[in-house]
Amino acid sequence: MASLLLSSCNLLRLCSHRDRHLSFPLGGREFATVVCQLGSVVYLLSLIAIPLAHSQAPPAAPNITPAQKPDRPDDGDEEIVAAVVSGALPSHRLEAQLKDCRRAARLRREALRRITGRGVEGLPFDGMDYQAILGQCCEMPVGFVQLPVGVAGPLLLDGRHYHVPMATTEGCLVASVNRGCRAIAASGGAASVLLRDAMSRAPVIKLPSAKRAAELKMFVEAPDNFQALAAEFNKSSRFGRLQGIQCALAGRNLYMRFTCSTGDAMGMNMVSKGVENVLGYLLNNFPDMDVISISGNYCSDKKPTAVNWIEGRGKSVVCEATIKGSVVQSVLKTTVEKLVELNIVKNLAGSAVAGALGGFNAHASNIVTALFIATGQDPAQNVESSQCITMLEAVNEGNDLHISVTMPSIEVGTIGGGTCLASQSACLNLLGVKGSNHESPGANAKLLATIVAGSVLAGELSLLAALAAGQLVKSHMKYNRSSKDVAKAAS
Ligand code: ADP
């Protein structure tokens with residue numbers, strides 16, 4: 001600035017001087033002044049222009065994987081989409097054909113738009129690792145669905161605090177579990193015990209006669225044969241270990257319920273592979289057996305059944321807490337007496353009247369499903385995983401409340417299935433149960449099962465309290481129905 005000012009003054013003085021008009025070629029002094037002037041202008045302009053250019057430049061690319069780079073139409077996209085639309089190229093072959101999962105999903109999406117005449121703009125596309133879901137989680141992807149994840153807690157369980165991630169669209173749910181966690185923590189925490197860890201698979205085998213089916217049952221259940229069968233079963237995995245085989249007959253059909261531990265995996269693939277090994281071995285002694293199906297529904301997967309309720313499937317857990325009377329009053333806004341009566345009349349008698357099968361609870365499924373979705377479990381397994389009996393009793397001369405949940409079939413894993421995806425894996429990490437537990441394989445999945453039960457305990461406590469205090473509708477109107485015009489929002 002100083003140089004510009006001085007040179008400008010000098011130039012003006014030179015130009016206005018009567019005797020010394022600026023004329024070319026320039027003299028030494030004039031030349032120096034002009035160079036000074038130009039140099040200052042260029043320097044000042046560069047000071048202004050560089051930050052301006054920076055502010056207009058696109059932001060530096062975040063640390064994204066090559067798969068997440070913005071898409072540019074590739075050569076040949078148009079032909080491929082046209083081939084999918086015409087049916088010449090089956091949509092399910094895009095990944096194999098293109099060897100690029102993200103591009104395959106993008107072109108499938110475009111083909112879908114053209115075929116249906118409807119866009120799916122609201123369905124997000126960016127942000128999913130399409131390579132990670134190939135052969136693991138989902139076929140023929142075109143995007144993903146967003147679900148909000150709330151965090152309830154801390155849940156004080158077995159002396160440790162957990163912040164529980166819950167994926168849900170039901171307003172009130174996270175707030176309710178959060179309140180239950182507060183009541184539990186204020187009363188010293190909850191305690192859990194894992195009673196059993198046994199995933200099951202039950203093939204159905206047809207034999208020429210009921211007598212032959214009975215012979216196979218005796219053979220499979222004979223203690224002397226267990227070692228040989230277990231050796232066959234255990235060949236399939238480092239983690240799957242056969243625990244037992246329980247048989248049921250229907251005429252000449254034999255249902256064999258194999259149970260095994262599965263480490264940190266939920267275990268359905270593992271147990272199925274083990275069962276296949278054993279069936280191959282049994283064919284040596286029973287060549288007349290006909291394997292109708294690797295799953296004969298006596299397993300029972302994703303169906304409400306008595307066999308799971310009685311025998312358990314996956315992790316069987318009991319969880320309890322004693323809630324101080326003062327906390328029942330101050331946090332839950334009700335009384336011990338009202339809660340105990342409500343539990344008998346609703347969760348026990350009411351469910352008996354309804355003919356419930358493992359549904360002796362207020363809303364275990366709400367918590368199980370939200371936690372399952374957040375942590376990459378199979379949400380369809382909420383059917384049996386939510387089987388739960390909630391018990392409430394007045395203790396300490398009627399002053400305090402003992403509450404427990406007994407859940408025989410919590411089917412969870414921390415490795416395999418949807419647990420590998422980034423967001424689900426982050427939620428597992430939040431709970432400290434991500435992946436395989438190397439020191440003690442299976443410990444992560446077991447811990448996750450106890451966290452599920454502890455969260456259900458919190459949810460049961462809070463919902464029962466809301467019902468006892470007559471607050472359910474009021475709180476749902478507050479959290480579950482905003483003042484928005486719902487019909488308008490949906491359209
Ligand atoms: P699922 O049976 O739940 O469908 P998979 O058997 O398909 O799961 O996936 C589990 C995989 O993870 C197996 O290949 C298994 O060998 C491997 N694995 C690595 N560590 C563990 C562990 N700690 N517990 C169980 N499986 C593990």
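In this predicted model, a backbone N or O atom of D264 lies 2.7 Å from a nitrogen atom of the ligand. Backbone atoms of M266 and M268 also approach the ligand, in each case at an oxygen atom, as the table lists.

| Residue (backbone N or O atom) | Ligand atom | Distance |
|---|---|---|
| D264 | nitrogen | 2.7 Å |
| M266 | oxygen | 3.2 Å |
| M268 | oxygen | 3.3 Å |

The ligand taken alone exposes 570 Å², and the protein buries 75% of that area.

The shell around the ligand holds 13 residues. The closest of them are D264, G267, N269, M270 and S436. Sorted by class, seven residues of the shell are nonpolar, five are polar and one is charged. Where does the ligand lie with respect to domain 2 and domain 3? Residues of the shell come from both domain 2 (149-196 + 314-477) and domain 3 (203-293), so the ligand lies between them.

The cysteines are a separate topic. A disulfide is a covalent bond between the sulfur atoms of two cysteines. The number of disulfides in this model is zero, counting pairs of cysteine sulfur atoms within 2.5 Å. Why is C137 not bonded to C420? The sulfur of C420 is the closest cysteine sulfur to that of C137, but the distance of 4.3 Å is too far for a bond. C138 is in no disulfide either, and the nearest cysteine sulfur, that of C137, is 7.9 Å away.

Is C137 buried or partly exposed? C137 counts as partly exposed because its relative accessibility is 30%. C138 is also partly exposed, with a relative accessible area of 37%.

Key
Residues numbered from 1 in each chain as written. Predicted model: local features only at pLDDT ≥ 70, side-chain atom pairs only at ≥ 80, totals over all residues. Heavy atoms only, no water. Near = heavy atom within 4 Å. Polar contact = N/O pair within 3.5 Å; in protein donor to acceptor, adjacent residues only side chain to side chain. Areas by Shrake-Rupley, 256 points an atom, 1.4 Å probe, with all protein chains shown as cover. Nonpolar A, V, L, I, M, F, W, Y, C, P; charged D, E, K, R; others polar. Domains from an automatic or database assignment. Buried < 20%, exposed > 50% of the residue type's maximum accessible area, 1.4 Å probe, protein only.
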